[in-house]
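These are my notebook entries on one structure. I set down what I looked up, entry by entry.

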Amino acid sequence: MSSTAYPAGAALIRRWTARLPARDAQRSLARQASLVAVMCVAIDGLNFLTRGPAPGPWNALLLAGVVAADIALATAPKLSGWVAVAHAVVIVALAFALPGRNPSTAGQLVSSYRAGAWLRGRPAVATLAAVCAGIVASVVITGLTAPATVLGVAAANALLPWLVGRYTTARKEHVDELRRQREATLRDAEAEVAAAVAKERETIAVDLHDVISHHVSAIGVHATAARLNLAGTVVPGDSPVHTSLTAVQQSGQAAMVDLRRLLSLLHEGSESAEQPGIAMLPDLFAGLRASGLQVTFVVYQAPPALPQHVDTTVYRVAQEMLTNALRHGDGRTARVELDCGDDRVALTARNRVASTLRASSPEGSGLGLRGMRKRAEELGGSATFGVAEDGDYWESSVTIPLAGAR
């Protein structure tokens with residue numbers, strides 16, 4: 001069943017599938033944030049237990065604050081500012097509990113990085129100021145009052161992680177911009193190619209129109225005039241001359257119809273123009289019978305509703321098969337077999353080989369044979385050609401799978 005039958009459902013499926021990569025990226029980011037939070041809890045908790053003061057109720061409460069602040073690193077990026085402020089408060093409390101040593105924690109460094117990476121504008125600057133104030137206060141509480149020392153600790157524990165976060169985000173934005181520029185360049189190139197193709201199609205359409213108007217139509221007109229002129233002569237109406245002229249007239253008319261279809265296709269630039277298909281094979285064979293080639297058409301299974309390109313391909317292949325039968329066969333009889341299953345379409349043509357060609361039958365070297373094979377292979381099918389085992393008949397067979405073609 002084609003998705004075009006339910007456009008609303010197809011649009012919903014496209015939107016849903018487009019969101020899958022974004023959802024996968026969000027899940028991956030959440031897992032990584034959780035892993036970072038767990039590592040910070042382990043590092044800061046171990047550091048507090050091994051180097052902190054003796055256990056007590058207030059110290060247990062302080063340890064719980066450190067753990068809670070580290071766990072908050074796994075929250076949504078939009079909360080990065082509040083998480084960084086919480087860590088600034090925690091390190092000030094640690095300065096009172098751990099006098100004489102640097103109270104900075106692994107969680108505080110990560111929170112400063114997150115604030116620089118995720119926040120923009122005033123929230124980013126305000127968060128940096130709050131973290132720097134917390135670092136300065138904790139350093140002063142521990143007894144380090146030298147200005148150079150205070151500024152150095154604040155820069156190393158607050159400003160530097162914040163700047164690294166900003167740099168990482170800026171680099172990502174730069175890469176995204178380069179990607180967008182590349183995609184825009186590709187779109188422009190595709191548009192230029194499409195315009196060039198449309199212009200070339202229009203040129204071919206003009207040339208094809210001239211061919212239809214001047215040459216092919218002239219063939220039909222002259223054939224009709226010759227047949228009418230012979231009607232007043234002593235040549236009987238059922239003579240080979242009349243038969244040949246009638247065949248020329250009908251072939252010219254058929255060529256005009258096909259050329260007009262191709263002309264419409266070139267002008268419209270799509271498959272919307274009506275194209276021949278399996279349903280028109282009887283008309284094709286009727287025209288060939290008028291030329292003297294007695295075509296036997298056998299259908300083993302009624303064809304289902306086929307995609308237009310498959311339907312047209314089968315018709316064109318049958319047309320080429322019988323053209324070869326007229327040119328290279330004995331020109332008397334041909335048998336065409338059509339077998340349309342649920343999963344494939346098979347077309348086989350068999351005609352007697354002309355006596356002059358039996359000694360050197362072509363093995364797929366002609367342009368027509370290569371064209372049929374190419375048509376089949378473009379739809380995932382196959383084609384075989386060759387003289388039958390008895391040496392008297394030429395057999396052409398094309399098979400097209402329907403699953404891939406649809």
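**Entry 1: partners across two strands.** I looked up Q301 and found that D339 in β2 stands opposite this residue. I note that the model is a predicted one. I then looked up T296, and its opposite residue in β2 is R335. Next I asked in which sense strands β1 and β2 pair. Strand β1 covers residues 294-301 and strand β2 covers residues 329-340; they pair in the parallel sense, over 7 bridges.

**Entry 2: the link between these strands.** I looked up which helix joins β1 and β2 in a β-α-β unit. The helix is α9, residues 308-328, and the unit is left-handed. I also recorded where α9 lies: across β1, β2, β3 (344-353) and β5 (393-401). Its direction is at about 160 degrees to β2.

**Entry 3: the whole sheet.** I asked how many strands form the sheet and in what order. There are 5 strands in an open sheet, and the order is β1-β2-β3-β5-β4. The pairing in this sheet is mixed. I noted β1 and β4 (382-387) as the edge strands, since each of them pairs on one side only. On average, neighbouring strands are turned by 10 degrees against each other, with direction ignored. I then looked up helix α10, residues 367-378, and found that this helix lies across β4 and β5. Helix α10 runs at about 155 degrees to β4.

**Entry 4: an aromatic pair.** I searched the whole structure for aromatic pairs, and the search finds 1. The pair consists of F285 and F297, with ring centres 4.9 Å apart. The ring planes stand at 65 degrees, so I recorded the pair as edge-to-face. F285 belongs to helix α8 (residues 281-290) and F297 to strand β1, so the pair ties together parts that are 12 residues apart in sequence.

**Entry 5: two helices side by side.** I looked up helix α3 (residues 80-97) and helix α5 (residues 121-141). Their axes come within 8 Å and cross at roughly 5 degrees. Because angles under 35 degrees count as roughly parallel, I recorded α3 as roughly parallel to α5. I then asked which residues meet in this contact. From α3, the residues are G81, A84, V85, A88, I91, V92, A95 and F96. From α5, they are T127, A130, V131, G134, I135, A137, S138 and I141. By class, I recorded 12 nonpolar residues, 4 polar residues and no charged residues in the contact of α3 with α5.

Notes
Residues numbered from 1 in each chain as written. Predicted model: local features only at pLDDT ≥ 70, side-chain atom pairs only at ≥ 80, totals over all residues. Heavy atoms only, no water. Pairing = 2+ DSSP bridges. Helix = DSSP H or I, 4+ residues; strand = E, 2+ residues; numbered from the N terminus. Right-handed = clockwise from strand over helix to strand, strands pointing away. Axes fitted to C-alpha atoms, helices over the stretch in contact; angles between N-to-C directions. Parallel < 35°, antiparallel > 145°, perpendicular 65-115°, else oblique. Contact = heavy atoms within 4.5 Å. Nonpolar A, V, L, I, M, F, W, Y, C, P; charged D, E, K, R; others polar. Phe/Tyr/Trp six-rings, centres within 6.5 Å; stacked < 30°, edge-to-face > 60°.
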